[in-house]
Amino acid sequence: MNRSRSGYVYIALCAVIFSTMEVMLKTVHGVFAPMQITCLRFLVGGILLIPFASRSMKKKNASLSRKDIGFFALSGFLCIVIAMSLYQMSVTYTRASIVAVIFSCNPIFVTVFAHLFLHEDIHRNHIIALILELTAALIIIDPIHATLDPTGSILSAVMFALYSVFGKKRTPRFGGIAVTCLSFLFGAGELVFILLFGRTAAGASLYGAVGLNLFIDVPLFENIPASAIPALLYICCINSAAGFVCHMMAMEKTSAQEASLIFFLKPILAPIFALLFLKEEIPLNMIVGIVCFLIGSLCAILPGILAQRRALKAQK
């Protein structure tokens, strides 16, 4: 199997894995506290990624400096403590299919942040895509008749995009898998500290005063029923560790533009999985929104993919 073809295999695998994430998190709702499952999946996922990260760092002859530790502490905070906590809150209180579709718009926010902070070019097709995807989000949310607040879903996508752009600064030196692994471990460690503080009287009082009740008296490793272990292992090993490895391998064997096809496929697959396993209906406004979203995604990624193909043909 050639490099490009194997890359598309990783894209397909990652799209399926990421599309089951919201469904799996919904299935353990009520078994695990929202912040407990967030902490466990990134802690265990980060540990599982250590061998891959070590190999990547050895190949690149990279080692951690004090400045790098500060960098990964901040990237972990952005990814796990902020973005993924908001994501988990959204999954807890909103339909899985809605969260999946809205979160899939994060690549277009990546384009915007990359332009602002990394001075990467932003083109007319990116602006059109942003308008179309924001329109799609509004159609899906249906703010006139909505009974659920979509703010958490949108903010989680925005913050994950910010983390992705921030992480690019260390990717050339450490490799994408190592950056993901270290961000997972640092972020999970920070979340553990935050949750342990929430088990104290002072912490519970502070979190309660600012409306962060989900962070109060959260169990970590205790009281996990045996019946929930298979789902927990799937979430940690497949959704978190294997999903991110497939994502990084897709980018390595194709390109960042082509790897973003993952978030083109997810809005199609995730609502189907939610229908099959959670019996969530797919209303007309969601279908219209998904179509609008897919058109926006094509506007964002298709010109880049075609340009890369033309460049490869010219080299031959």
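# Notebook: a look through an all-helix listing

**Entry 1, starting at Q36.** I looked up Q36 first, and it counts as buried, at 2% relative accessibility. The model I am reading is a predicted one. I placed Q36 in helix α3, which covers residues 34-60. Then I listed what Q36 touches, leaving out residues up to four places away in sequence: V218, P219, L220, E222 and I224. I also checked Q36 against I177. The two are 141 residues apart along the chain, and their C-alpha atoms are separated by 24 Å.

**Entry 2, the chain as a whole.** I stepped back to count elements. The chain has 15 helices and 0 strands. Its radius of gyration is 19 Å, close to the 20 Å that the globule rule gives for 316 residues, so the chain is as compact as a globular protein of that length. I noted the box that the C-alpha atoms fill: roughly 65 × 55 × 35 Å along the principal axes.

How much of the chain is buried? I found that buried residues make up 50% of the 316 residues. Next I looked at contacts with a separation of 6 or more. Residues 24 or more positions apart account for 84% of them.

**Entry 3, surface and charge.** The chain exposes about 15,000 Å². Carbon and sulfur atoms supply 69% of that area. I then looked up the charges, 24 positive and 14 negative. The mean positions of the two sets are 13 Å apart.

**Entry 4, the core.** Which residues touch the most other members of the largest nonpolar core? I wrote down F18, M84, Y87, F109, F160, L195 and I262, out of 93 residues in that core. Helix α4, residues 66-93, gives the largest share of this core, with 11 residues.

I followed Y87 further. Leaving aside neighbours within four places in sequence, Y87 is in contact with M21, E22, L25, R41, V99, F103, S156 and K266. Two of these partners, V99 and F103, are also on my list of buried residues in α5.

**Entry 5, V81 in α4.** I stayed with helix α4, where V81 has its place. V81 counts as buried at 10% relative accessibility, because the cut-off is under 20%. Not counting residues up to four places away in sequence, V81 touches G76, G187, E190, L191 and I194. I also compared V81 with C39. They are 42 residues apart along the chain, with 8.9 Å between their C-alpha atoms.

**Entry 6, helix α5.** Is α5 enclosed or open? I found 8 of the 8 residues of α5, residues 96-103, to be buried, so this helix is largely enclosed by the rest of the structure. The names are A96, S97, I98, V99, A100, V101, I102 and F103.

**Entry 7, A274 in α14.** I looked up A274, which is found in helix α14. A274 counts as buried, at 0% relative accessibility. Apart from neighbours within four places in sequence, A274 is in contact with V23, S97, K279 and E280. S97 brings me back to helix α5, where S97 is buried. I also checked A274 against Q315: 41 residues apart in sequence, 44 Å apart in space, C-alpha to C-alpha.

**Entry 8, two positive phi values.** K279 came up as a partner of A274, and I followed K279 next. K279 is found in the loop between α14 (262-278) and α15 (284-315). Phi of K279 is near 60°, a positive value in a residue other than glycine. Is K279 buried or exposed? K279 is exposed, with a relative accessible area of 65%.

D217 went on the page beside K279. Phi of D217 is near 50°, again positive in a residue other than glycine. I found D217 in the loop between α11 (201-209) and α12 (229-253). D217 is exposed, with a relative accessible area of 53%.

**Entry 9, E258 in α13.** My last residue was E258, which lies in helix α13, residues 256-259. Where E258 might face was my question; E258 is buried, with a relative accessible area of 7%. Which residues is E258 in contact with, leaving aside its neighbours within four places in sequence? I listed Y8, I11, I305, Q308 and R309. I also looked at E258 and K60. They are 198 residues apart in sequence and 24 Å apart in space, C-alpha to C-alpha.

Methods
Residues numbered from 1 in each chain as written. Predicted model: local features only at pLDDT ≥ 70, side-chain atom pairs only at ≥ 80, totals over all residues. Heavy atoms only, no water. Core = buried A, V, L, I, M, F, W, Y, C linked by side-chain atoms within 4.5 Å. Buried < 20%, exposed > 50% of the residue type's maximum accessible area, 1.4 Å probe, protein only. Helix = DSSP H or I, 4+ residues; strand = E, 2+ residues; numbered from the N terminus. Contact = heavy atoms within 4.5 Å. Rg over C-alpha atoms; globule rule 2.2 N^0.38 Å. Areas by Shrake-Rupley, 256 points an atom, 1.4 Å probe, with all protein chains shown as cover. Lys, Arg positive; Asp, Glu negative; His and termini not counted. Charge placed at Lys NZ, Arg CZ, Asp CG, Glu CD.
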